[in-house]
Every structure is written in C-alpha cells, then in structure tokens.
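Reader: I am new to reading protein structures. Could you walk me through this one and explain the terms as we go?

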Amino acid sequence: MLVKPQRKHGPKAEMNVVPYIDVMLVLLVIFMVTAPMLVQGVKIELPKVAAEAMPTENERQILTLSVKADGGFYWNLGNEQNADDQTDSAIGLEEMREKVAAIIAERGDTQVYVRADDAADYGRVVAGIAELHRGGVVNLGLITEAPPGQPAP
C-alpha cells in the first residue's frame, strides 16, 4: 500500500504583492524619465520692472489709463472704471507721469487701471507702468478683454 506524504504547510490565502510593487516601480521610473520632457515653453525676454500686488477697495477714485496703438496715452477719472470717455491725454511718458502725479498728489488712494490697444508696443506699456510708479501710483491693476465671440471668464 502506498502512503501519500503529508504536507507540512497547507495552502496560503495571502495575496502576493511583489508583482504589484514591481509594476509600481516601473511606472515611477517611466514618469520620472518622461516628466522633464513634457515641459515646453518659448524663451522671451520680458522688460524688467519692479511691481507689487496692490490691495483694492470699493470707495476709491478710479483712473483708467489707456495706451493707444501709436504710443499715446489717454485716461478717464471717475468713481468707476471707464475706458470709453476721456478726461485728459498725453503724448509722452514724462507728460503723462506729471499729469497723473498731480492727480495722485491730490488724492493718494486713487486706483489706477491700465489697458492697452492690441497693436500697442508691449515695451511702451511697461514703460508707462514704470512712469506711473515713479509718479507716485501705488494702486495699479491691468484690464483685459475677452476676444470677440468668446465669453468673459
């Protein structure tokens, strides 16, 4: 008569996690290798101007400064943001700084918003912002508009 040998250990009901760890480590290596390749961009040289985030309040005098395509400046002064009307204008940076500095000296909490024509030179816009800062403007914001046919964000 043949006797079957008895097993010392019975079947185990535990999950073997070694294959899962191997898969996880392979995926980790793949992502670590490919992630730096996904970063894309265009190298540009931006104008260097010091700027700070400015607090906003509801009851301020608002000056909306617009930069035209030809580089000229015009603005509207009032209690709300308005780029359609014109209170005053200036052709040069110095003239604009002097006129706006007089407004700021009169009322220091004036909020200034800057908007520019699509065809306006970017360097001219930044130079205007720098002149505003030199003229005493401490509350500055930028205005953008959604392209035609697209809803505003």
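**Tyr113 and the sheet around it**

Author: Let us begin with one residue: leaving out residues up to four places away in sequence, Tyr113 touches Ile62, Leu63, Thr64, Leu65, Gln81, Gly141 and Ile143. Contact here means heavy atoms within 4.5 Å. This is a predicted model, in which local features need pLDDT of at least 70 and side-chain atom pairs count only at pLDDT 80 or more, while totals for chains, interfaces and linings use all residues. Residues are numbered from 1 along each chain as its sequence is written, and side-chain values use heavy atoms, with hydrogens and water left out.

Reader: Why is Tyr113 called buried?

Author: Buried means under 20% relative accessible area, exposed means over 50%, and partly exposed lies in between, with a 1.4 Å probe and protein chains only. Tyr113 has 19% relative accessibility, so Tyr113 counts as buried.

Reader: Where does Tyr113 sit, and which residue stands opposite it in E5?

Author: Tyr113 belongs to strand E4, and its opposite in E5 is Gly141. Strands (E, at least two residues) and helices (H or I, at least four) are DSSP runs, numbered from the N terminus. Tyr113 and Asn139 are 26 residues apart in sequence, with their C-alpha atoms 8.4 Å apart in space.

Reader: What makes E4 and E5 a pair?

Author: Two strands pair if DSSP finds at least two bridges between them. Strand E4 (residues 111-116) and E5 have three bridges and run in the parallel sense, so they pair by that definition.

Reader: What holds paired strands together in general?

Author: Strands of a sheet pair through backbone hydrogen bonds, either parallel or antiparallel.

Reader: How do you know that the pairing in this sheet is mixed?

Author: Go through the pairs. E1 and E4 are parallel, with six bridges, and Leu65 stands opposite Val114 in E4. E1 and E2 are antiparallel, also joined by six bridges; here Ser66 faces Tyr74 in E2 and Leu63 faces Leu77 in E2. E2 and E3 are antiparallel with three bridges, and Trp75 stands opposite Asp88 in E3. The result is an open sheet of five strands with mixed pairing, in the order E3-E2-E1-E4-E5.

Reader: What makes a strand of this sheet an edge strand, and which are they?

Author: Each edge strand pairs on one side only, and these are strand E3 (88-90) and strand E5 (140-142). From one strand to the next, the twist averages 25 degrees.

Reader: Why is E1 called mostly covered?

Author: Six of the six residues of E1 are buried. Ile62, Thr64 and Ser66 point one way from the strand, while Leu63, Leu65 and Val67 point the other way. In the hairpin of E1 and E2, five residues lie between the strands, and Gly71 takes a positive phi near 95 degrees.

**The helices**

Reader: How do you know how H2 and H3 are placed against each other?

Author: Axes are lines fitted to C-alpha atoms, for helices over the stretch in contact, and angles run from 0 to 180 degrees between N-to-C directions. The axes of helix H2 (residues 93-106) and helix H3 (residues 122-134) come within 9 Å and cross at roughly 40 degrees. Leu93, Met96, Arg97 and Val100 of H2 make the contact with Arg124, Ala127, Gly128, Glu131, Leu132 and Arg134 of H3.

Reader: What kinds of residues make up the contact of H2 with H3?

Author: Five are nonpolar, one is polar and four are charged. Ala, Val, Leu, Ile, Met, Phe, Trp, Tyr, Cys and Pro count as nonpolar, Asp, Glu, Lys and Arg as charged, and the others, Gly among them, as polar.

Reader: Which strands does each of these helices meet?

Author: H2 lies across strand E1 (62-67), strand E2 (73-78), E3 and E4, at about 10 degrees to E2. H3 packs on the sheet and touches E1, E2, E4 and E5, its direction making about 165 degrees with that of E4.

Reader: How many helices and strands are there in the chain, and in what order?

Author: The chain has three helices and five strands, running α-β-β-β-α-β-α-β from the N terminus on. Of its 153 residues, 26% count as buried.
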